[in-house]
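Student: I've got a new model open on my screen and I'd like to talk it through. Can we take it piece by piece?

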Amino acid sequence: MKYAILLLLTLFQLAQVKAQLSAASDSLKFWGDAMISMRTAEFRESARNKFQELAPALIGHASDSNLLDFHPSIVKSSSGDGKLRIYSWASEVDQKQMKYFMFIFFDKQKPVLLTSHERNYKRINFESFDQQNWYGALYYHILEDTFANNYILLGFASSPDGTKHRIIEAFSIQGTSLKFGERFFVRKDEKEQDEFFHRIVLHYSPSAQIFIKYERDLKQLTFDHIASYTDPKSGETLLVPDGSFEAFHWQGNLWIHKPYLKTETMDSAPIEKPVFDKESKSRDILGRKKSKQ
C-alpha cells in the first residue's frame with residue numbers, strides 16, 4: 001500500500017512537471033510570435049525580453065528546435081554534413097530598425113541563442129565577431145562544402161535607411177566559442193595591392209534584386225556586380241546590378257577575387273519580384289499581415 005501511494009504521488013508530480021513544461025513551451029511560442037507580429041514597439045520589446053528569459057531553459061537539445069516554429073518568417077538553414085543548423089529571425093525595434101536573433105544547433109553541443117548588437121553594415125568587412133558581439137543577419141544558406149574548417153554562410157540584413165545587404169560570411173566553432181568572419185577574402189585595391197576582408201557585404205537598393213550562386217565544381221561564388229544608377233524620373237541614386245558579374249574563387253586557403261566580366265548593361269534598374277505563395281502575398285518582410293490601406 002505504501003509503495004502504491006508513493007507511485008501515485010510520483011506519477012502526479014510527473015504530470016504536474018509535464019503540464020508546466022507544456023505551458024512554458026506554449027508561452028515561448030506565444031512570446032516568440034509576439035516579438036515579431038505585434039504592431040506596437042513597446043509590446044514587441046516586452047515580448048523579446050520574455051522570449052529571451054524562457055528560451056535558454058527550454059531549448060537545450062536539437063530535438064527542441066520544433067519550439068522555434070512560432071512564425072512563418074523564421075529562416076532555417078542546414079549544412080551539408082548535417083552538423084550545423086541555424087534558425088534566424090528579425091524583430092523590428094523601431095521603424096525599419098531590426099534586431100536579429102539566431103539559434104545555432106551544432107552536432108551534440110547545447111544550442112546557443114544569439115542576439116544582435118547594432119552595427120553599421122558598411123564597416124563590418126574588416127572585423128570578426130563572436131556570440132558576444134554578433135552584428136545580426138538572416139542566414140538563408142550554408143554552402144555544401146567547408147573551407148579551411150570554416151562553413152560559408154549566405155546572409156541578408158537591412159539598414160534603417162532601407163539599404164539591403166547580402167553577406168558572404170565565414171563561420172567556425174571551436175569548443176564553445178563561435179567565430180563569424182575570417183580574413184581570407186582577397187581582392188585588389190585601386191593600387192593593385194592585395195586587400196583582405198573578413199567577409200563580403202554587397203549593398204543594394206530596396207528596389208533591386210541580386211544574385212549569388214555557388215558553383216561547387218569550380219569552388220567559386222559568383223554574384224552580381226553592383227553599380228550606381230540614377231533614376232531619370234525621380235533623380236534618386238540607386239545601387240543595382242548592372243548585368244555583369246564578379247566571383248570569388250577558392251584557391252589554396254583563400255577566396256581570390258575575380259574582377260567582373262562586362263556583359264550587357266541594363267537600361268533600367270531591376271525591380272525585385274519575390275516569389276510568394278497565396279498566403280504570404282498579404283505579409284511583409286517579417287511575415288506579418290499587411291494592414292489594409
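Student: Which residues of β1 are on its covered face, and which are on the uncovered one?

Tutor: Keep in mind that this is a predicted model. Strand β1 spans 75-78 and is an edge strand, pairing on one side only. Its uncovered face holds Lys76 and Ser78, while the covered face has Val75 and Ser77.

Student: How many bridges join β1 and β2, and in which sense do they pair?

Tutor: Start with the hairpin these two strands make: there are five residues between them, and glycine 82 takes a positive phi near 80 degrees there. Across the pair, valine 75 stands opposite serine 88 in β2. The count is four bridges, and the sense is antiparallel.

Student: What is the bridge partner of serine 88 in β3?

Tutor: Serine 88 already faces valine 75 of β1. On to β3: strand β2 (residues 84-94) pairs with strand β3 (residues 97-106) over ten bridges, in the antiparallel sense. The partner of serine 88 in β3 is methionine 102.

Student: What is the strand order in the open sheet?

Tutor: The edges give you the ends of the list: β1 (75-78) and β4 (112-115) each pair on one side only. Neighbouring strands are turned by 20 degrees against each other on average, ignoring direction. The four strands pair antiparallel, and their order is β1-β2-β3-β4.

Student: Which strands does α2 lie across, and at about what angle does it run to β2?

Tutor: Helix α2 covers residues 41-58. This helix lies across β2, β3 and β4, and its angle to β2 is about 150 degrees.

Student: How far is arginine 48 from the nearest side chain of opposite charge, and which residue is that?

Tutor: Arginine 48 sits in helix α2. Leaving out residues up to four places away in sequence, it touches Met35, Ser91, Glu92, Val93, Lys99 and Phe101. A salt bridge would need a side-chain nitrogen within 4 Å of a carboxyl oxygen. Arginine 48 is buried and has no such bridge; the distance is 5.0 Å, and the residue is glutamate 45.

Student: Which strand gives the most to the largest nonpolar core?

Tutor: That core has 54 residues, and Leu84, Ile104, Phe180 and Trp255 have the most contacts inside it. With six residues, the top contributor is strand β6 (residues 151-158).

Student: How many residues are in the second core?

Tutor: This one is separate from the largest core, and its members include Leu28, Ile36, Ala47 and Phe70. Its size is 19 residues.

Student: What is the phi of alanine 148, and is the residue buried or partly exposed?

Tutor: Most residues other than glycine have a negative phi. Alanine 148, in the loop between β5 (138-142) and β6, has a positive phi of about 50 degrees. Its relative accessible area is 39%, so it counts as partly exposed.

Student: Where does lysine 219 lie, and what is its phi?

Tutor: Lysine 219 is partly exposed, at 30% relative accessibility. Its place is the loop between β12 (212-215) and β13 (220-230). Phi is positive here, in a residue other than glycine, and the value is near 55 degrees.

Student: Zooming out, what percentage of the residues in the protein chain count as buried?

Tutor: The chain has two helices and 15 strands. Among contacts with a separation of 6 or more, 51% come from residues 24 or more positions apart. Of the 293 residues, the buried share is 44%.

Definitions and conventions. Residues numbered from 1 in each chain as written. Predicted model: local features only at pLDDT ≥ 70, side-chain atom pairs only at ≥ 80, totals over all residues. Heavy atoms only, no water. Buried < 20%, exposed > 50% of the residue type's maximum accessible area, 1.4 Å probe, protein only. Lys, Arg positive; Asp, Glu negative; His and termini not counted. Contact = heavy atoms within 4.5 Å. Core = buried A, V, L, I, M, F, W, Y, C linked by side-chain atoms within 4.5 Å. Pairing = 2+ DSSP bridges. Axes fitted to C-alpha atoms, helices over the stretch in contact; angles between N-to-C directions.
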